[in-house]
Amino acid sequence: MTGALDTAYPDPQASTGLMLWRVTNSWQRTIRAALAPFDLTHVQFVLLAVLTSMDRGASITQRDLAARAATDPMMTSQVLRTLESKGLIERLAHPTDGRARTLAPTPAGINLVNRANAAVEHADRAYFAALGDDARGFTRSLATLDAENVEPM
């Protein structure tokens, strides 16, 4: 019995979207494994890494962090509560807005995210090594798609 899917693709591997889906899932498994020893989920790592990379002299709000990390603001709030309960970030009074709080990584958060980042970068290099010299072009192609499809937060 043959399938009845009406498709323009002669083979599933000819579908860019399907291949992106498969590679994304595989890569995420690799990153989850790299982060497991640090007791961080992928989104916890991303938010902590982005926060740690931001200007420490600036007043960084939850909205600022969500925009920079391209994450949903409500999900960001939930994850930040978890990071705070783990002692990895702190919320401080905003210098000019009494309703807002600023975010800062704690020394423990900075230490952990730097160790985790080394593991993630190692996992990335190993995962994408199969691309060889094409890795830079692949990254540029992904950046083009990202720039073309950015949703306003």
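In this predicted model, helices H3 and H4 meet through Gln62, Leu65 and Ala66 on the H3 side and Pro73, Thr76, Ser77 and Leu80 on the H4 side. Sorted by class, the contact of H3 with H4 has four nonpolar residues, three polar ones and no charged residues. The axes of H3 and H4 come within 9 Å and cross at roughly 110°, and because angles of 65 to 115 degrees count as roughly perpendicular, H3 and H4 are described as roughly perpendicular to each other. The crossing of H3 and H4 is right-handed.

Leu65, one of the H3 residues in that contact, can be followed further into the structure. Leaving aside its neighbours within four places in sequence, Leu65 is in contact with Leu47, Val50, Leu51, Met54, Ile60, Leu80 and Leu103; among these, Leu80 is also one of the H4 residues that meet H3.

Leu65 belongs, moreover, to the largest nonpolar core, which has 25 residues, and the members that touch the most other members are Leu40, Phe45, Leu65, Leu83 and Ile89. At least two residues of this core are supplied by each of helix H1 (16-35), helix H2 (42-53), helix H3 (62-69), helix H4 (73-85) and helix H5 (107-128).

Phe45, named among those core residues, leads on to a second helix pair. H2 and H5 pack at an angle of about 115°, with their axes 10 Å apart, and H2 and H5 are therefore also roughly perpendicular to each other. The crossing of H2 and H5 is left-handed, whereas that of H3 and H4 is right-handed. From H2, the contact is made by Phe45, Leu48, Ala49 and Thr52, and from H5 by Gly109, Ile110, Val113, Ala116, Asn117 and Val120. By class, the contact of H2 with H5 has seven nonpolar and three polar residues, with no charged residues.

Beyond the helix pairs, strand S2 spans residues 101-105 and contains Thr102. How is Thr102 placed with respect to solvent, buried or exposed? Thr102 has a relative accessible area of 8%, and because buried means under 20% relative accessible area, Thr102 counts as buried. With its neighbours within four places in sequence left aside, Thr102 is in contact with Ser59, Ile60, Glu90, Arg91, Leu92, Ala93, His94 and Pro95. Ile60 thus links the two environments described here, since Ile60 appears among the contacts of Leu65 and among those of Thr102.

Methods: Residues numbered from 1 in each chain as written. Predicted model: local features only at pLDDT ≥ 70, side-chain atom pairs only at ≥ 80, totals over all residues. Heavy atoms only, no water. Core = buried A, V, L, I, M, F, W, Y, C linked by side-chain atoms within 4.5 Å. Buried < 20%, exposed > 50% of the residue type's maximum accessible area, 1.4 Å probe, protein only. Helix = DSSP H or I, 4+ residues; strand = E, 2+ residues; numbered from the N terminus. Contact = heavy atoms within 4.5 Å. Axes fitted to C-alpha atoms, helices over the stretch in contact; angles between N-to-C directions. Parallel < 35°, antiparallel > 145°, perpendicular 65-115°, else oblique. Left-handed = near helix turned anticlockwise from the far one by under 90°. Nonpolar A, V, L, I, M, F, W, Y, C, P; charged D, E, K, R; others polar.
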